[in-house]
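Reader: Before relying on any label given to this structure, I should like to see the reasoning behind it. May we proceed label by label?

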Amino acid sequence: MNRYSETLYDAWGQSFAVDKVLFETHTDHQHLVIFKNSHYGRVMALDGVIQTTEADEFIYHESLTHIPLLAHGDVKKVLIIGGGDGGILREVCKHKNVESITMVEIDNAVVEMSREHLPKHSNGAFDDSRFQLVIDDGANFVAETEQTFDVIISDSTDPIGPGEVLFTQDFYGNCKRCLNPGGVLVTQNGVPFMQADELISTHERQQVHFADNTFYTAAIPTYVGGVMAFSWASDNKDLRAQNLEIIKARFEQAELAVRFYTPELHLGAFALPGYIQEHLK
Ligand code: SAM
């Protein structure tokens, strides 16, 4: 393989030079490949779609973790859906006040191969004593569990193949049932410039269950086509409108070692461009 061409969009796409393929297989759920690229480092793709790269993963993982955890301010229990590469887990583990972290990943091969070939993503977090791994469909898990959580982070693939169930109204309703009062659900929600339907349908489906539903964004180079959107769903309308001084104080107290997150970016991420606001009307 000389180049890896992403197949996410019919009309247009990105391609990576492949310096070396580190691992490639058809798991029970999807096609998995991890390869090296001279600019992005190690890159993982599933079913033709780039999932994560060593060079820019910090932007995605810090955005999807520290914004909900610092907005909430008193998180003890976290549920990660998907997330098999370990990047979200690594960021959640930085929060010393978190007492338990459950990850529900459908594909054990992603976890195993990420531990071996993308070790910087988890950076030892799979061995954290607060961590529990469940190999299951995330939609089944939230439908059946009696456990509740302060924050749920859906670090899923796109709504194609195994990830499709993680974008349904039932899934969002079951997440709501699994949240403690004042809790928050965040999800990766694609690139609105390219995947407007995904943004619109998520908004329609989450609004049914949550009093407050919006999106926040970050520009992540490998999710091409503009900013990536993350959905935000909570019954506590005050959470995302915290003032800067509160967020700064929590950030300083948490002593997080980060490269992307800042309290200013945290609040600014909720300021949506007009073309995204149009979709939410
Ligand atoms: N950051 C990436 C992105 O947005 O492109 C996604 C990261 S990747 C870790 C997403 C993970 O979701 C994969 O490991 C995949 O196996 C997992 N996944 C997909 N469908 C799932 C499901 N129904 N339940 C649990 N995990 C699922």
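Author: Certainly. The model is a predicted one, and its chain is divided into domain 1 (3–53) and domain 2 (57–280). The centres of domain 1 and domain 2, taken over C-alpha atoms, are separated by 23 Å.

Reader: How do you know that domain 1 and domain 2 are in contact?

Author: Two residues are in contact if their C-beta atoms lie within 7 Å. By that criterion, 21 residues of domain 1 are in contact with 19 residues of domain 2. On the side of domain 1 that touches domain 2, strand S3 (20–26), strand S4 (31–37), strand S5 (41–46) and strand S6 (49–53) each supply at least two residues. S6 gives the most, with five residues.

Reader: What is the make-up of the side of domain 1 that touches domain 2, in nonpolar, polar and charged residues?

Author: That side divides into 11 nonpolar, eight polar and two charged residues.

Reader: Why are S3 and S6 called edge strands?

Author: The four strands form an open sheet in the order S3-S4-S5-S6, with antiparallel pairing. S3 and S6 each have a single partner strand, so one side of each is left without a neighbour in the sheet. Neighbouring strands here are turned by 20° against each other on average, direction ignored.

Reader: What makes S4 and S5 a pair?

Author: Two strands pair if DSSP finds at least two bridges between them. S4 and S5 are joined over six bridges in the antiparallel sense, which therefore satisfies the requirement of at least two. Within this region, Phe35 stands opposite Val43 in S5. Helix H3 (residues 108–117) packs on the sheet and touches S3, S4 and S5, its direction making about 15° with that of S4.

Reader: Which strands are the edges of the seven-stranded sheet, and how is the pairing in that sheet described?

Author: The seven strands form an open sheet in the order S9-S8-S7-S10-S11-S13-S12, and the pairing is mixed. Strand S9 (131–135) and strand S12 (212–218) are the edge strands, since each pairs on one side only. On average, neighbouring strands of this sheet are turned by 15° against each other, direction ignored.

Reader: How do you know that strand S10 and strand S11 pair?

Author: Strand S10 (residues 149–155) and strand S11 (residues 179–188) share five bridges in the parallel sense, and the requirement of at least two bridges is therefore met. One example is Val151, whose bridge partner in S11 is Val184.

Reader: Which residues are closest to the ligand?

Author: The ligand is surrounded by 24 residues, and the closest are Gly82, Gly84, Ile106, Gly138 and Pro162. S6, strand S7 (77–82), strand S8 (100–105) and helix H5 (138–144) each supply at least two residues of this shell. The shell divides into nine nonpolar, 10 polar and five charged residues.

Reader: Why is Asp47 called partly exposed?

Author: A residue is buried with 20 or more other C-beta atoms within 10 Å, and exposed with 12 or fewer. Asp47 has 19, and is therefore partly exposed. Asp47 is found in the loop between S5 and S6, and its phi is near 50°, a positive value in a residue other than glycine.

Reader: What makes Glu255 exposed?

Author: Glu255 has 9 C-beta neighbours inside 10 Å; the cut-off for an exposed residue is 12 or fewer, so Glu255 counts as exposed. Glu255 lies in the loop between helix H8 (244–254) and helix H9 (263–268). Although Glu255 is not a glycine, its phi is positive, at about 50°.

Technical notes: Residues numbered from 1 in each chain as written. Predicted model: local features only at pLDDT ≥ 70, side-chain atom pairs only at ≥ 80, totals over all residues. Domains from an automatic or database assignment. Nonpolar A, V, L, I, M, F, W, Y, C, P; charged D, E, K, R; others polar. Near = placed C-beta within 6 Å. Axes fitted to C-alpha atoms, helices over the stretch in contact; angles between N-to-C directions.
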